[in-house]
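Visitor: Could you take me through what holds this chain together in the model?
Guide: Certainly; please have a look at it first.

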Amino acid sequence: MNAGGVSNSLFRRMMHGAGYAFLGSIFLQGISFLYQILVTRILGPDKYGIISLSNSIVLLVAQFSLLGLGSGIVFFVAQYLSEKKQLKNIISSVLALLTASSIIFFVGTFLFAYFFVEKIYPFAQMQSVLIILCFCIPLLSLQTFFDSIFIAAQASFSLQILRLLPPIVRLLSIPLVLYFTSGNIILMALLIVVSYFLPQFYNVHIFFKKIISLKELLAKDTSEKFLVPLLQYSLPNYLSATLHLVYKQIDMFMVGYFLTQYYAGLYQTSISLSNLLGFAPSALTIFMLPNLSVLYSQKKNEEAHKLNIRVFGYVIYVTCLIVVPLTLFAQELLSFFYGDAFGEASESLIYLSLAFVFQALYVIPGNIISGKKRPILWFYIAVSSAVLNIIFNYMLIPLYGISGAAFSTCISSFSAAVLSIIISSKLTHEICFPFKFTLQLILTFIIVLVTLFFSFDLSIRIIFLLLFIILSTILLWKIQKHDCKMILKLIGIKIIS
């Protein structure tokens, strides 16, 4: 054991997987970002707003169709990966449930799009686009199935390929088609469906090659003993994950309802730019839950706590490093990437960036709650956050437009962060928060608030950013010098003591 109380082998294995995930996430964000820039500039706010609203509806319905099984797959497959008979029973149960569920939700969404959507969003082509995108629902369920399997197996390279293929297909096809068809969003919707369909051939190939063979999967076995445990574990996760997505997406739905597709397009660019923050916590913790499940099942609570705190600090560090430049240069970034018309969304981007800081604070506590097999508690957190977001959106959007929507997300994210830290601390009987990184958080909040209320020349803001990066780097080196050396060694950089 090292000074941190977590074995170097476990931390090294996680960092190796996180390295793939981190690089893959950067590449994925880069592809998605480039795709969005091209599409947004061709379509403009109005058409982009229609595509964004339709896509948000489909993503929410797809989340409903998953039944929370993503986390259940990770939890059970990680424990029975080497036991092929048990693994076959788990996979068979999941596939049966996902197939039935995705078909039901596909039909329901299709009927909603055909009969009702124009009464809520009376925008030209909204109905046609949504009907086409309905076909993404079963494909997204399948994508999540493979994603969860590869996470449980810690197949980091395969996982990154799985996540990269759909955006690559979209980047290579959709901007070109839009350019030559003067922004035909019907064709764009069709190509989005194709982008989710084509990669499934690769996913199936890797699944049968690395996880379980087709012969093993089709072997006769009437056992269904994992069906009930899967549902028992997944139902609270299903409700909480869905509510979590609701509170993240509800502002988009309400912007479209109270305002117009134009403002929905503006707001989506703020969401997408702030989503750049999401790759840091995701990459750093993606292989954490399987390891936590094993540690808690082996009653190694102290080692699990040390691992939580250790990774939590890096989540805060990386998130803050991305939040500060997004905040300082919000208007310039929106105008540069998407066009001058999108610069008016800068205030909403600042609020959303702050919201992502709060969301980063509940990533690790959420893993603890799942690792402790208490997903119902995460459901309660999601309920309170979703209700708060809906209430504040209803109050603030008519008054302050998209800035009100972003501020509502900020409030609900703060609520979720506080509740998750309190609950996870009670479960482990130890406070789950890396207090050594408090200074960096305080500096980040100060910069965000100062940027909201005061205007500074570009040169002053650049100085602020450089000072923040220098102070944060010194802080990290002082707090985690041993880990810094280990990480640098992993990537081939030698440090002289």
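Guide: The turns below take up salt bridges, cysteines and nonpolar cores.
Guide: This is a predicted model, in which local features need pLDDT of at least 70 and side-chain atom pairs count only at pLDDT 80 or more, while totals for chains, interfaces and linings use all residues. Residues are numbered from 1 along each chain as its sequence is written, and side-chain values use heavy atoms, with hydrogens and water left out.

Visitor: How many salt bridges does the count come to?

Guide: The count is one salt bridge, meaning a side-chain nitrogen of Lys or Arg within 4 Å of a carboxyl oxygen of Asp or Glu. Arg461 and Glu332 form it, at 2.9 Å from N to O.

Visitor: Which helices hold Arg461 and Glu332?
Guide: Arg461 is in helix H21 (residues 458-479) and Glu332 in helix H16 (residues 330-338), 129 residues apart. Helices are DSSP runs (H or I) of at least four residues, numbered from the N terminus.

Visitor: Is Arg461 buried or exposed?
Guide: Arg461 is buried, at 12% relative accessibility, whereas Glu332 is partly exposed at 34%. Buried means under 20% relative accessible area, exposed over 50%, and partly exposed in between (1.4 Å probe, protein chains only).

Visitor: New topic: how many disulfides are there?
Guide: The count is zero, where a disulfide is a pair of cysteine sulfur atoms within 2.5 Å. For Cys134, the nearest cysteine sulfur is that of Cys136, 8.8 Å away.

Visitor: And which residues have the most contacts inside the largest nonpolar core?
Guide: They are Met188, Tyr267 and Leu361, in a core of 111 residues. Such a core is a set of buried Ala, Val, Leu, Ile, Met, Phe, Trp, Tyr and Cys residues joined through side-chain atoms within 4.5 Å.

Technical notes
Helix = DSSP H or I, 4+ residues; strand = E, 2+ residues; numbered from the N terminus.
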